[in-house]
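The following report describes the fold and the ligand surroundings of one protein chain. The sequence and the coordinates should be consulted alongside the text.

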Amino acid sequence: MGSRIYVTGMAGFLGSHLAEALLAAGHTVRGCDNLLGGEPANVPPGAELDLLDCADVAGMKAATAGTDVLFHCAATAYEGLSVFSPAFVCQNVFQASVATFTAAIDNGVRRIVLCSSMARYGAGAPPFREDTPAAPVDPYGVAKLAAEDVLRTLSRLHGFEYTIAVPHNIYGPRQRYDDPYRNVAAIMANRLLQGLPAIVYGDGRQRRCFTYVDDAVVCLVRMATSARVVGEVVNIGPDDEFVEVRQLAEMLGELTGCREPPLRHAPRPGEVHAANCDADKARRLLGFEPRTPLRAGLARLVEHIRARGPRPFRYDLPIEIDTPALPDTWRHRLI
Ligand SMILES: NC(=O)c1ccc[n+]([C@@H]2O[C@H](COP(=O)([O-])OP(=O)(O)OC[C@H]3O[C@@H](n4cnc5c(N)ncnc54)[C@H](O)[C@@H]3O)[C@@H](O)[C@H]2O)c1
């Protein structure tokens, strides 16, 4: 028999795909979102959406009553922006997480799966393994790691199971593409489909690994029930198909039929040359097996943006610290 599963951030990218896969696996799915990033059109039929902020403990207690497994996906996942808007990011990454755990634990939840981030590892040498000491270097990473620590601490006393997923660079349909602060592939595709050149920072030789959403979600679904991941941190992302950011721009140029040379910009503060995880543990514990080649996944992303229509970029998030370090692309709204 399926479990009753609650997914926070369900109108977002990962949350909506996860809800869909959990429904397909026979679970009952309910979830919430405050629509800071997501949109109701993303929520799959059959899942019940509460319009609710995770920081609202009373609201979350009412919403998560009877929940067996909680997936906490809600976040303002803005690593680059977090050094300029730390209060905003920490509110929705740390405070909202603690409130969500509080509500679910009070309701006797059996398991909590927390979506953390590769930002937890900080600036050390990749590939990051789960036993690499966590040393975040920006407020987003600090807030994610602090949320993990609170979860561990509460689990020790209250006895529920927890597991921590560390997805990285996931992409695919339903990802917000009118957001100038994150999601490099979606930003590039949205610009190209509007006839604008893709933007790359520096020489564009930064190397990245991307995970197609379906390949990541298979692992997340297993995290709802697998006994092998209790108390574990597990990276979810490929470690074998690297691409330089400028090659990504070229690939998307081909897929959109717009072959304008990319615009180049000075590197942003904190821009890292290479960042990727080691996925051995996910292979071992969750049978992780990426099946979607990058070009095929990007084609589906482009198809999705074409279907919804390219959109102007929305600069609707607060910039709390405005110093000369703020990148020109954001200050002058160049994206
Ligand atoms: N997509 C990735 O590559 C990636 C990589 C690493 C980690 N993650 C983590 O996975 C999770 C999902 O990321 P995503 O890419 O789907 O982002 P997303 O922005 O598409 O989804 C997050 C959702 O959370 C909602 N939200 C934000 N603050 C909220 C709050 N206080 N209360 C209720 N809802 C709130 C947003 O409206 C949004 O719909 C996040 O925790 C993120 O940190 C994602």
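Which residue in strand 4 does Tyr 6 stand opposite? In this predicted model, the residue facing Tyr 6 is Leu 70 of strand 4. The pair belongs to a parallel arrangement in which strand 1 (residues 4-8) and strand 4 (residues 69-72) are joined by 4 bridges.

## The sheet

The two strands are part of an open sheet of 7 strands, ordered 3-2-1-4-5-6-11, with parallel pairing. Strand 3 (48-51) and strand 11 (233-236) occupy the edges; each has a single partner strand, so one side of each is left without a neighbour in the sheet. On average, and with direction ignored, neighbouring strands are turned by 20 degrees against each other. Strands of a sheet pair through backbone hydrogen bonds, in either a parallel or an antiparallel manner.

Three of the pairings are listed below.

| Strand pair | Bridges | Direction |
|---|---|---|
| Strand 1 and strand 4 | 4 bridges | parallel |
| Strand 1 and strand 2 | 5 bridges | parallel |
| Strand 2 and strand 3 | 4 bridges | parallel |

Individual residues can be placed within these pairings. Arg 4 has Thr 28 in strand 2 as its bridge partner. Between strand 1 and strand 2 the chain passes through helix 1, and this β-α-β crossover is right-handed. Towards the edge, Asp 33 has Leu 51 in strand 3 as its bridge partner.

## Helix 6 against the sheet

Helix 6 (residues 213-223) packs on the sheet, where it touches strand 5 (111-115), strand 6 (161-167) and strand 11. The direction of helix 6 makes about 170 degrees with that of strand 6. Helix 6 is mostly covered, with 8 of its 11 residues buried. The buried residues are Val 213, Asp 215, Ala 216, Val 217, Cys 219, Leu 220, Val 221 and Met 223.

## The ligand shell

Around the ligand there are 31 residues, of which Gly 9, Gly 12, Leu 14, Gly 37 and Gly 38 come nearest. Helix 1 (13-24), strand 2 (28-33) and helix 3 (86-106) are the elements that give two or more residues to this shell. The largest share, 3 residues, is supplied by helix 1. By chemical character, the shell comprises 16 nonpolar, 12 polar and 3 charged residues.

## Two alanine positions

Is Ala 75 buried or exposed? Ala 75 counts as buried because it has 28 C-beta neighbours inside 10 Å, and the threshold for burial is 20 or more. Ala 75 is found in the loop between strand 4 and helix 3. Not counting residues up to four places away in sequence, Ala 75 touches Gly 9, Asn 92 and Val 93. Gly 9 is also among the residues that come nearest to the ligand. The C-alpha atoms of Ala 75 and Ala 96 lie 8.0 Å apart, with the two positions 21 residues apart in sequence numbering.

Ala 299 is found in helix 9 (residues 294-308). With 17 C-beta neighbours inside 10 Å, Ala 299 counts as partly exposed, since burial requires 20 or more and exposure 12 or fewer. Ala 299 and Glu 254 are 45 residues apart in sequence, and their C-alpha atoms are 9.8 Å apart in space.

Conventions: Residues numbered from 1 in each chain as written. Predicted model: local features only at pLDDT ≥ 70, side-chain atom pairs only at ≥ 80, totals over all residues. Near = placed C-beta within 6 Å. Nonpolar A, V, L, I, M, F, W, Y, C, P; charged D, E, K, R; others polar. Pairing = 2+ DSSP bridges. Axes fitted to C-alpha atoms, helices over the stretch in contact; angles between N-to-C directions. Contact = placed C-beta atoms within 7 Å. Right-handed = clockwise from strand over helix to strand, strands pointing away.
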